[in-house]
Amino acid sequence: MQNTIKKPTLTLAIAGTILMSACNQTAPKSNTSMTDSTTTTAAATLPAAAGFEKTIDGKPTKLYILKNKNGVEAGITNYGGTLVGLLVPDKDGKLTDVVVGFDGIEGFQKAAGSYYGATIGRYGNRIAKGKFTLDGKQYSIFTNNGANTLHGGKKGFDANVWDAKQVDSTTLELTYLSKDMEEGYPGNLNVKITYKLTDDNELKISYEATTDKNTVVNLTNHSYFNLNGAGSGTNLEHLVQIDADGYTPVDTTLIPTGKIEPVKGTPFDFTTPTTIGARIEEDNAQIKAGGGYDHNYVLNKHDISKPIATVIGDKSGIKMEVFTEEPGLQFYTGNFMQGKNTILGGKKDDHRTAFAMETQHYPDSPNQPNFPSTVLKPGAVYKTQTIYKFSVK
Ligand code: BGC
């Protein structure tokens, strides 16, 4: 089973250069003709479409490409609603793939327990012991993470084939019907996700869902970012800022204790820009529980116009700002990455070579009366948006 905490082997990536990180991007076959005429190293490309053309559960899967006027490209497959790759310009204008992915669906399936790039549902992150009570009735869902349920259960939204409609060159709509009692959750849940790439180099993910019975919903995207380029080394020198004064500490199985603790004076304080690596090895019980950062941040009051997190790749100069309507952010520093999978470009998914910023409601909310509710009722619409915006510093 994945999620066994591995003792970190720190390899500080001080030796990397822009040139080396670009070389890591050159292996995949391109389905575009994008080349970089200003440097001798090739720009990153998305994987070839062929690796995504399959039939799974009797449904066709494909790679869909969104492209904006700046040449930014997002590759998304309807298998799991997965973001396969995201090409954005670095400080020299060279396209860099900032999302860890594979050259085909099989790669994603093999690494399923890591949820690379996937849409997560019906409930993002953990539900303690796979149980919750709603309207006086106890529901049992599949436990796939020790005693707990993680990211939906045995076959979450990440492992299902969605119906896809490419609306235009920058917009993809994905829909999925999660049937009543699928994985143990009540209610037929109709879900729609829209991926939109804007000319401001934003990837906007809009989520919508309706149900015919009271249920719980918590949707997110599980992309693993490396802003120096996927496969370019550890994430430890990435500079991170998170607009959160509090976080939800966890027990040893990563279930929130129910408390909201201040980040001040702890390694969890990212209210001022700090590198991921600066405190990740500190002798702190919570850092130890997560094997690094694997915690939900309680975001300060915000609206979608203000970034709740900003990350800068030290080598590439690529800046990512995260905007969301959600109250929480799971900051996960790839502590369970073990180098078992070969990613696009030929490198391994080594320990802490990427990070995730999963916008969400707090983990285990169905069992935590003090946390914002994740209950969705018939007649109401679950509607939320998250934006990942890219620029250079
Ligand atoms: C969880 C981690 C887990 C990872 C991949 C994150 O959202 O918090 O504990 O290992 O997803 O499954």
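Author: Two strands pair if DSSP finds at least two bridges between them; strands (E, at least two residues) and helices (H or I, at least four) are DSSP runs numbered from the N terminus. This is a predicted model, in which local features need pLDDT of at least 70 and side-chain atom pairs count only at pLDDT 80 or more, while totals for chains, interfaces and linings use all residues. Residues are numbered from 1 along each chain as its sequence is written.

Reader: How many strands does the chain have?

Author: The chain consists of 393 residues, 52% of which are buried (20 or more other C-beta atoms, placed from the backbone, within 10 Å of their own; 12 or fewer is exposed, in between partly exposed). Its helices number three. The count of strands is 28.

Reader: In what order do the strands stand in the open sheet of four strands?

Author: In this sheet the pairing is antiparallel. S3 and S6 (95-97) stand at the edges with a single partner strand each, so one side of each is left without a neighbour in the sheet. The full order is S3-S4-S5-S6.

Reader: Which residue in the turn between S3 and S4 has a positive phi?

Author: S3 (residues 63-67) and S4 (residues 73-77) run antiparallel and are joined by five bridges. Across this pairing, Tyr64 faces Ile76, and Leu66 faces Ala74. The two strands form a hairpin with five residues between them. The residue with a positive phi, about 85 degrees, is Gly71.

Reader: Which residue in the turn between S4 and S5 has a positive phi?

Author: S5 (residues 82-89) is joined to S4 by five bridges, and the two run antiparallel. Gly75 has Gly85 as its bridge partner, and Thr77 has Thr82. Four residues lie between the strands of this hairpin. The one in the turn with a positive phi, about 75 degrees, is Gly80.

Reader: How many residues of S4 are buried?

Author: One side of S4 carries Glu73, Gly75 and Thr77, and the other carries Ala74 and Ile76; all are buried, which leaves both faces covered. S4 is therefore largely enclosed by the rest of the structure. In S3, four of the five residues are buried. For S4 the count is five of five.

Reader: Which strands stand at the edges of the open sheet of five strands?

Author: The order in this sheet is S20-S19-S22-S25-S26, with antiparallel pairing. Each edge strand has a single partner strand, so one side of each is left without a neighbour in the sheet; the two are S20 (261-262) and S26 (356-360).

Reader: Which residue in S22 stands opposite Ala244?

Author: Ala244 begins S19 (residues 244-248), which four bridges join to S22 (residues 294-299). These two strands run antiparallel. The residue opposite Ala244 is Leu299.

Reader: Which residues touch the most other members of the largest nonpolar core?

Author: A nonpolar core is a set of buried Ala, Val, Leu, Ile, Met, Phe, Trp, Tyr and Cys residues joined through C-beta atoms within 7 Å. Leaving aside neighbours within four places in sequence, Leu329 is in contact (C-beta atoms, placed from the backbone, within 7 Å) with residues including Ala244, Leu299 and Ile242. The largest core holds 99 residues, and those touching the most other members are Ile242 and Leu329.

How values were computed. Two residues are in contact if their C-beta atoms, placed from the backbone, lie within 7 Å.
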